[in-house]
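Dear colleague,

I am handing over the structure we spoke about, and below it you will find my notes on what turned up. Please read them with the model open beside you.

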Amino acid sequence: MTPNSRVNPVTVVGASIIVATAAVGATADVELGVLSLQATVPGLIGVGLVAYGWFRADSVVGPKRWTVLKWTATGLFAFTVLGAWFGEMAARTETSIALSIAGSLSVGAALGTVIGIYSARINRTNELLAETVTELEAANDRLERKNEQLDQFVDIASHDLRNPVNVAQGRLEMAREESDSEHLEKADDALTRMNTLINDLVSLTKAGDQIEEVVPVSPGAVSRSAWGGVETEDASLTVETDGEIYADESRLRQVLENLFRNAIQHGGEDVTVTVGPLAEGFYVEDTGAGIPDDLRGQVLDDGVTTGGDGVGLGLSIVEQIATAHGWKIAVEQSAEGGARFEFVGVESPE
């Protein structure tokens, strides 16, 4: 492991112990053998702390430097007192060796107990973390299974719903050859609406996971293509952007188609829709009636609509696809008083 170049408290404490031991040993008036014996323990402790601090401690100590220093100071003070006490006892010839040994053992037992308490806490924390991870993994597995079941249900339901709708539309065309009743037109509108609803439901459940690959695309070009796929009546499109962004082109087109339909549905057949650039994305706005203030924070939710024939799924699909891209949407009012959707956090080629 490459040593961390930033010095941490563990390394400092270890180096300080080594320096202090060497300094005291140099001034001690004892034989070399005794000096070596007495310096062994503090020397090994100092070397061990330096090694640990140099190679391992930064990942643990890094964010908790002052905590380490606080406990270092506490330990230094406590053992200064204990060292003075043991030194005083050792200097008295009338002291009991047995009591001195008992004192040493009591200090060791207390220190071991404190370490044991902290070790038990750490072990318990690790156990709780492991249990939490296991629960999250189990919950994630259950969610994946439910999503798979939902996808299967949507596929089956949409297929089973489209079949009778297609049959009804076929019968409707045959009926038109025999009659031009206005009721047939109403029935055709209802069947068309059912097809749209089925498509919206399928998109709502699948749009979030269908971001295949983001590539540089032109919002302007995709806007013009999407406009051609929408019944625009007398509405008009203005494109004011010629740059590129990173996006899944198919999903971006779906976003724009839904916004265009929403603008025409709520803004009228002669509404003007504009697609333009932002510093970190793009916007889509219209000259329609706009979105009431009390609905702007909810309009992207499932089932929320400001009126018309919609069921409130189109904008929810827009939000889902944008989220899958990592974009954020702000719902505002356009300069003409219409609706304005701003997409930010959009990456673009440099």
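The protein has nine helices and seven strands, and please keep in mind throughout that this is a predicted model. Of its 350 residues, 27% count as buried, while the protein as a whole exposes about 22200 Å², of which carbon and sulfur atoms supply 58%. If one takes the contacts between residues at least 6 apart in sequence, 70% of them join residues that are at least 24 apart.

The helix pair α1 and α4

Helix α1, which covers residues 9-27, packs with helix α4, residues 65-91, at an angle of about 30°, and the axes of the two lie 9 Å apart. That angle makes α1 roughly parallel to α4, because angles under 35 degrees count as roughly parallel. On the α1 side the residues involved are P9, V10 and V13, and these meet R65, V68, L69 and T72 of α4.

T11 also belongs to helix α1, and its contacts are worth following separately: leaving aside residues up to four places away in sequence, T11 touches L49, V50, G53 and W54. The relative accessibility of T11 is 12%, so this residue counts as buried, the limit for that class being under 20%.

The surface patch

On the surface, W71, V114, I117 and Y118 form a nonpolar patch, and together these residues have about 400 Å² of accessible area. Which helix gives the most to the nonpolar patch? With three residues, that is helix α5, which runs over residues 97-178. V114 has its place in helix α5, and with a relative accessible area of 42% V114 is partly exposed, because that value falls between the limits of 20% for buried and 50% for exposed.

A backbone detail

One residue that you may wish to look at in the model is E233, whose phi is near 50°, a positive value in a residue other than glycine. E233 sits in the loop that lies between α7 (219-228) and β2 (236-239). Is E233 buried or partly exposed? At 48% relative accessibility, E233 counts as partly exposed, since the exposed class begins over 50%.

With best regards

Conventions. Residues are numbered from 1 along each chain as its sequence is written. This is a predicted model: local features need pLDDT of at least 70, side-chain atom pairs count only at pLDDT 80 or more; totals for chains, interfaces and linings use all residues. Side-chain values use heavy atoms; hydrogens and water are left out. Patches are made of residues with over 30% relative accessible area and no salt bridge: like charges are joined within 9 Å, nonpolar side chains (Val, Leu, Ile, Met, Phe, Trp, Tyr) within 5 Å. Accessible areas come from the Shrake-Rupley method with a 1.4 Å probe; for residues, only the protein chains shown count as cover. A salt bridge is a side-chain nitrogen of Lys or Arg within 4 Å of a carboxyl oxygen of Asp or Glu. Helices (H or I, at least four residues) and strands (E, at least two) are DSSP runs, numbered from the N terminus. Buried means under 20% relative accessible area, exposed over 50%, partly exposed in between (1.4 Å probe, protein chains only). Axes are lines fitted to C-alpha atoms, for helices over the stretch in contact, and angles run from 0 to 180 degrees between N-to-C directions. Angles under 35 degrees count as roughly parallel, over 145 as roughly antiparallel, 65 to 115 as roughly perpendicular and the rest as oblique. Contact means heavy atoms within 4.5 Å.
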